[in-house]
Amino acid sequence: MLLWMVLLLCDSMAEAQELFPNPELTEFTNSETMDVILKCTIKVDPKNPTLQLFYTFYKDNHVIQDRSPHSVFSAEAKEENSGLYQCMVDTEDGLIQKKSGYLDIQFWTPVSHPVLTLQREATNLAVGDKVEFLCEAHQGSLPIFYSFYMNGEILGKPLAPSGRAASLLASVKAEWSTKNYSCEAKNNISREISELKKFPLVVSGTAWIKSNMLTIWLPASLLGGMVIAAVVLMYFFKPCKKHARPETPTLKEPDSFLYVSVDNRRYK
């Protein structure tokens with residue numbers, strides 16, 4: 001008798017399990033809000049059209065909607081809502097529970113317009129000087145790939161840092177002088193190019209030395225000319241006695257000065 005009751009219960013459970021198969025989770029996008037609508041679809045046995053079912057939605061195995069009679073769930077289009085979604089259908093008494101497969105949904109934010117700056121130590125750039133290009137995109141889903149360009153030609157390889165900015169350290173070349181430079185930021189859904197900027201004037205090594213020598217020589221020359229002019233003026237405007245006899249120089253004690261008087265008369 002007991003065995004018969006167990007077999008009857010197993011048959012009832014098997015029949016109940018066949019009331020509906022595993023649900024299917026599908027998604028579509030709201031064209032107005034760009035939100036994602038998730039729908040948990042299940043095929044109910046026509047013999048039980050009034051069967052009451054409840055729907056539970058999961059994100060990354062965490063419940064986000066618990067036992068609702070509604071078979072849809074709306075996920076707002078935000079990057080933090082990216083993840084693995086799943087739904088479960090169960091009967092009113094909770095005896096039958098069936099889950100769908102996982103649905104991977106990713107929300108991507110377009111990359112923003114990057115900002116490009118040039119960092120340097122020298123005021124006047126010469127060939128071989130080190131400069132650093134810095135490109136930064138304040139918004140956009142990671143990872144963001146950065147590329148640097150000089151006059152339309154790429155410098156180095158694209159960079160994919162963990163953050164929102166990338167830098168490139170490079171040695172200045174003569175052909176960069178007054179050329180346009182820029183950077184590009186892109187992610188999986190969009191790409192943006194920075195504003196074009198003009199690279200500073202680059203001087204060669206010889207020109208740099210001549211420029212610096214000229215900078216040093218000009219003040220020195222002016223100072224030397226002023227000293228000479230002062231000496232000449234002191235000489236010509238120094239007071240002297242008319243018809244004075246030449247004085248015989250006499251030796252002074254050590255650490256004293258020797259003065260010399262010059263007679264301007266000519267001797268025949």
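Here follow questions and answers on a predicted model.

Trainee: Is Lys-59 buried or exposed?
Mentor: Start with its place: Lys-59 sits in strand S3, residues 53-59. Buried means under 20% relative accessible area. Lys-59 has a relative accessible area of 17%, so Lys-59 counts as buried.

Trainee: Which residue's backbone oxygen does the side chain of Lys-59 reach?
Mentor: Look at the contacts beyond four places in sequence. Lys-59 touches Ile-64, Glu-80, Asn-81, Ser-82, Leu-84 and Tyr-85. One of these offers its backbone oxygen at 3.5 Å from the Lys-59 side chain: Ser-82.

Trainee: Which residues touch the most other members of the largest nonpolar core?
Mentor: That core has 22 residues. Strands S11 (130-136), S12 (145-150), S14 (165-171) and S15 (180-186) each supply at least two of them. The members with the most contacts to other members are Phe-133, Phe-148, Trp-176 and Phe-199.

Trainee: How many residues are in the second core?
Mentor: This core is separate from the largest one. Its members include Phe-20, Leu-25, Leu-38 and Phe-73. The count is 18 residues.

Trainee: What is the bridge partner of Glu-24 in S2?
Mentor: Strand S1 covers residues 24-29, and strand S2 covers residues 36-41. The two run antiparallel, joined by 6 bridges. Glu-24 pairs across to Thr-41.

Trainee: Which residue takes a positive phi in the hairpin of S1 and S2?
Mentor: The hairpin has 6 residues between the strands. The phi in question is near 65°. The residue is Met-34.

Note on methods
Residues are numbered from 1 along each chain as its sequence is written. This is a predicted model: local features need pLDDT of at least 70, side-chain atom pairs count only at pLDDT 80 or more; totals for chains, interfaces and linings use all residues. Side-chain values use heavy atoms; hydrogens and water are left out. Helices (H or I, at least four residues) and strands (E, at least two) are DSSP runs, numbered from the N terminus. Buried means under 20% relative accessible area, exposed over 50%, partly exposed in between (1.4 Å probe, protein chains only). A polar contact is a pair of N or O atoms within 3.5 Å; within protein, one must be able to donate a hydrogen and the other to accept it, and residues adjacent in sequence count only if both atoms are side-chain atoms. Contact means heavy atoms within 4.5 Å. A nonpolar core is a set of buried Ala, Val, Leu, Ile, Met, Phe, Trp, Tyr and Cys residues joined through side-chain atoms within 4.5 Å. Two strands pair if DSSP finds at least two bridges between them.
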